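Subject: Structure handover and notes

Dear colleague,

I am passing on the structure we spoke about, and below it you will find my notes on what turned up when I went through it. Please read them alongside the coordinates.

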Amino acid sequence: MTVGTLRLDATTGAMPHGGKEMPPSPAQSSAPLGTMGARNPAAAPDDIDFPAIMELMTSRYTGELVDRHVAAIRKVCKTCCNGFLLKHLEPLVELLELVVDRISKGIYAFAPAMCDMIRVASLPFVSCKASDMISYGHHLPEFIKVLVSVLNYSLPPTEEDAAALGGPEALEEHRAVCERVRIEVAHTLACWSRFGLDEDNVEVKPHQPLIQAIADSGTPNLRVLWQSEVMHALATSFRSEDSPEAIVITLGAIRDMSLYRPLARQITSSGLILNLVQVIRVNLLGSDVLLVAAEVLWNVLELDWEGGAEALGQEEVIECFRSFMEAVLTRGYRFKDKIFRNDMMVLLMYISKREENRPLFASTGLLALLLSSALGEPERKALEEAGVLPELLGEGNVGHASSVGRRGSHGKGGGGMVVLTCAQEDMEFRMLLWGTLARCCSSQACAEIAVKCGFVQFLLTTVLEAHDGTSEQRQWSQEQRRKVQLEALSALFQLVQYMPDAFQEADGCASVLQLLHLTRSREVQKKCLNLLQVAVRQGPEFAKELGELGAVGQLVELFADKDNPMNSRQLCASVLAGLCAENEDNRREFRKKDGVEAIRAEVIYRPDETTDNHLFYTLCVVDCVWSAIVGTRKNEVRFLDAGGLFALLDVLEVAPLLLKRQIIGCLADLMQYRKAAKLFGQWNSQVTMKGAVKILLELWHSEQEAARSTSQDGVIRDLERPLNPQNGPNALPEGEREGDDDRPDTASSDSSLRSGSRASARFRQAKNFADTAASHASMRSTRNSVGVGDALAASNPSAANTFGASIRSEAVDATVIDKQDSRAKIFAVLRCVGFECQEILTVGERQQMEVVRMYPTATELEAWIEVRENLEARSLKPIKADLRWMTESIAERREQASNVQIVQKKLADELRAEEKASLHRFYEDVRSRAPMRRASSAKDDGSTSRAETPGGLAGGGGVEGAADELDGFSSDGF
């Protein structure tokens with residue numbers, strides 16, 4: 001099939017060929033279809049008299065001469081056999097509207113002429129001038145819209161139309177005419193949508209895949225089709241389409257149009273997505289048309305996931321998918337059947353990503369069917385003998401309980417299931433299947449079915465057998481075994497959050513620890529650590545069980561091994577923090593296994609020495625110190641003796657803001673130990689020689705500036721809100737506010753499927769999309785602040801699978817960091833250490849210390865102010881006693897804030913006086929040196945004649961003049 005269509009940009013009006021008008025030449029007559037430029041005027045004459053044609057068709061004298069009308073239209077098409085002229089677009093739209101109107105009135109004699117016009121419309125339009133696209137291109141969407149509107153009047157006739165048409169023969173003739181019109185329209189749309197799907201016609205950004213560029217910006221033709229809104233008329237026609245040829249051509253056009261995101265959304269909104277499911281059902285395991293329909297559904301779900309998943313989230317649709325999967329799992333042993341099976345699995349993966357759709361997997365029996373395919377042959381037979389599997393399959397509205405078993409003669413495996421081999425298609429199916437099943441288990445109904453089928457136990461057995469190499473898996477390559485382990489662990493990562501009891505009953509902790517001990521693969525090791533990381537946060541019973549299994553010693557050994565990569569050691573620290581957070585036995589075991597010394601050696605922050613993300617590694621180390629050491633006296637003593645406190649303070653001085661806040665929270669709890677509080681005052685920076693109190697006051701000052709609570713001279717602005725002032729009379733003017741980017745220290749340091757084919761690449765892309773949009777895992781906080789496990793695993797579960805290995809600085813949103821406030825932690829540290837500093841504080845530091853002292857009072861004052869404002873906003877009046885209590889409390893605390901403000905103003909005045917005195921001393925020094933400098937100059941120049949020095953120093957010149965000027969500046973300035 002020759003495909004030719006228009007190359008134009010309806011949005012920008014860009015001309016191809018550099019925007020130049022191409023001169024007529026004989027070579028253009030043999031140019032391939034799909035190119036656009038000026039053609040030979042003899043091949044596309046512009047002397048067509050469209051007004052005369054319109055007069056012929058609308059005049060009351062010639063309005064009924066249908067044959068002449070048709071002949072005139074066909075003559076126009078014959079004249080423009082190489083393509084319509086762009087400058088004829090406006091009269092062409094009027095002529096096309098008139099023809100469609102005649103067909104709508106039942107005058108189907110215009111159908112041949114209509115087919116000719118549609119056929120010519122599939123060819124490139126011809127421009128006679130370089131400006132034709134700019135002048136007439138805006139008529140293109142309207143032209144396509146009118147052309148497609150003929151589909152509404154060329155639908156397949158029904159039997160009821162036979163009498164009106166004059167009998168069966170007339171009915172068949174009318175059917176053939178309408179079918180030809182629909183085929184021509186489908187062919188034209190296919191030509192338009194197919195052309196330009198290459199890098200020459202799409203603006204591709206650097207390192208951007210072509211398919212992504214098409215989805216974002218589309219091609220010129222796809223943008224015209226989107227503006228013409230052809231999808232709704234096409235969907236109406238497609239619902240009643242009975243012509244195989246029209247269906248095939250239309251599906252091809254829809255497939256190409258679905259590559260553009262706006263058109264994919266129109267496919268969803270028009271309801272066409274449900275008709276595609278019907279096409280698959282009719283052609284199940286038959287024609288290759290179902291593969292095209294599946295590809296369209298894939299594109300729509302990928303580009304318009306929200307709309308597509310919602311449209312497919314219906315019980316009838318899920319039941320259709322069950323019938324699809326049942327047929328392909330029992331009878332789909334051909335290669336293309338497996339391709340279709342994997343495509344259906346990708347669609348189910350997208351559908352399951354929407355939480356509202358997951359219960360439908362259980363109610364329709366689809367989940368039980370997928371579980372029966374996911375399990376091994378021994379497990380499936382055991383479930384069938386126990387009657388569990390037939391019962392679960394009968395829960396759906398399918399009509400029979402053991403339909404899978406009844407079709408055993410069609411499959412290649414026992415129980416009616418086609419046996420999964422080590423082929424690439426079957427390996428991809430396993431990965432897609434396990435991930436989809438694990439995601440569905442977030443629904444309670446799905447989780448119950450998975451428990452009955454022993455899905456968790458099967459996955460745990462699979463990861464161990466893949467390492468040992470059972471008889472069934474000996475045919476697998478080492479790479480395939482590794483992939484199976486990784487995918488099984490990824491599924492277990494989600495299942496341990498949705499089904500923690502089932503994971504614990506299946507001895508999941510013991511199995512994961514065993515695999516962690518046996519494996520030599522870094523990726524499998526990280527997956528195991530990710531799984532343990534989320535498991536210890538599911539409840540204290542997990543930490544207790546892992547401690548009894550010796551997990552603490554094993555993890556300390558892995559952490560202390562410097563040969564392990566930093567991201568693996570980071571995960572070890574995070575898991576150890578979760579194990580020891582609320583378990584004294586694990587803390588004791590941590591000390592006995594020399595964990596204190598191992599973690600102390602890593603309390604450093606040197607991001608320049610490694611390419612890994614040292615920030616998050618140090619965060620996990622500090623979190624481990626906080627959870628495993630702080631709060632246990634023997635661990636604290638050993639940590640302090642090893643210099644741990646000084647190491648924390650060294651990191652505090654140079655760390656980014658995120659890490660500083662984590663360290664201050666740890667110090668606030670560590671300072672409860674008196675020995676630590678005494679050592680705190682003994683530390684001095686090796687870089688700036690500052691003490692620890694000065695470091696904390698600097699951080700306090702940055703927090704105050706971020707809250708805009710102090711003025712430029714260090715005085716609090718709002719007496720009623722000393723810590724967090726609102727926009728009020730005492731707030732800064734809008735023009736004087738510092739930008740959010742001016743905050744100091746806010747910067748932070750910065751393999752599943754093989755890509756062997758386009759299908760594998762799309763599988764990987766689809767799987768990554770579903771993973772990144774999975775439901776968020778809920779992680780518990782440790783201590784009184786946001787724990788590191790929460791801050792770093794606050795993304796989705798699957799993203800946390802690579803947590804510690806490939807996590808990026810961008811994962812921690814700057815807005816989340818800004819919402820945190822470390823002033824309470826700073827106050828807690830200084831309260832334990834003492835507000836009297838051994839160092840000499842500057843005036844600004846003394847001002848900040850005054851606010852630190854009154855921090856509890858300031859928080860109480862702001863709380864009372866908020867209560868009063870809430871009462872006023874709700875128009876509530878408290879009783880007299882409560883009102884007096886509130887008023888007195890506010891007045892008392894406001895007076896304390898006023899006293900602090902007075903002290904800060906006095907300190908500010910002292911600072912200004914000191915600066916003024918220093919400046920005066922400088923001026924006096926200059927004046928005192930001026931006579932000496934003048935006398936010395938006169939002695940040196942005694943032998944030189946004054947006449948030889950015109951313009952010499954006199955009066956106010958020289959150093960004395962400069963001193964006089966400085967004196968004047970001093971008196972004026974102060």
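To begin with the cysteines, a search across the whole structure, which is a predicted model, finds zero disulfides. A disulfide is a covalent bond between the sulfur atoms of two cysteines. Cys620 illustrates the result, because the closest cysteine sulfur to its own, that of Cys624, is 9.1 Å away and thus too far for a bond. The relative accessible area of Cys620 is 0%, so this residue is buried. Cys422, by contrast in its setting, counts as partly exposed, with a relative accessibility of 28%.

Turning to charged side chains, the structure holds 39 salt bridges. Side chains of opposite charge can pair when their charged atoms come close. Three of these bridges may be worth opening in the viewer.

In one of them, Arg354 and Glu356 meet through their side chains, with an N to O distance of 3.8 Å, and Glu356 is exposed, its relative accessible area being 53%. In another, the closest N and O atoms of Arg588 and Asp585 are 3.0 Å apart; both residues belong to helix α34 (residues 584-592), where they are three residues apart, or about one turn of the helix. Arg588 counts as partly exposed at 35% relative accessibility.

The third bridge joins the side chains of Glu720 and Arg894, at 4.0 Å from N to O. Glu720 is partly exposed, with a relative accessible area of 25%, and Arg894 is likewise partly exposed, with a value of 35%. Beyond such pairs, there is also a network in which salt bridges that share partners join Arg74, Asp116, Arg119, Arg180 and Glu184.

The aromatic side chains come next, and here the structure holds 13 aromatic pairs. The rings of Phe84 and Phe125 have centres 6.4 Å apart and planes at 50°, so this pair is classed as tilted. The pair links distant parts of the chain, since Phe84 sits in the loop between α2 and α3 while Phe125 sits in the loop between α4 (111-121) and α5 (132-136), the two being 41 residues apart. Phe84 and Phe125 are both buried.

A second pair is formed by Trp226 and Tyr260, whose ring centres are 6.5 Å apart and whose planes stand at 90°, so the arrangement is edge-to-face. Because Trp226 lies in helix α10 (residues 220-228) and Tyr260 in the loop between α12 and α13 (261-269), the pair ties together parts that are 34 residues apart in sequence. Trp226 counts as partly exposed, at 37% relative accessibility, whereas Tyr260 is buried, with a relative accessible area of 5%. Returning to Phe84 and Phe125, ring pairs link these two with Phe143 and Trp192 into a cluster.

Two positively charged side chains are also placed over aromatic rings: Arg341 lies over the face of Phe429, at 4.4 Å from the ring centre, and Lys353 lies over the face of Trp305, at 2.8 Å from the ring centre.

As for helix packing, which residues of helix α1 (residues 50-58) are buried? They are Phe50, Ile53, Met54, Leu56 and Met57. These residues lie on the same side of α1, because the arc that they cover around the axis is only 155°. The partners against which the buried residues of α1 pack are α2 (66-79) and α3 (89-104).

Finally, there are two polar residues whose surroundings I looked at. Ser243 is found in the loop between α11 (230-239) and α12 (244-257), and with a relative accessibility of 2% this serine counts as buried. When residues up to four places away in sequence are not counted, Ser243 touches Glu179, Arg182 and Ile183. Gln901 lies in helix α49 (residues 880-940) and is buried as well, with a relative accessible area of 12%. If neighbours within four places in sequence are left aside, Gln901 is in contact with Val715, Ile716, Arg717 and Leu719.

With best wishes

Technical notes: Residues numbered from 1 in each chain as written. Predicted model: local features only at pLDDT ≥ 70, side-chain atom pairs only at ≥ 80, totals over all residues. Heavy atoms only, no water. Buried < 20%, exposed > 50% of the residue type's maximum accessible area, 1.4 Å probe, protein only. Helix = DSSP H or I, 4+ residues; strand = E, 2+ residues; numbered from the N terminus. Arc of directions from axis to C-beta. Contact = heavy atoms within 4.5 Å. Disulfide = S-S within 2.5 Å. Phe/Tyr/Trp six-rings, centres within 6.5 Å; stacked < 30°, edge-to-face > 60°. Lys NZ or Arg CZ within 6 Å of the ring centre and 35° of its normal.
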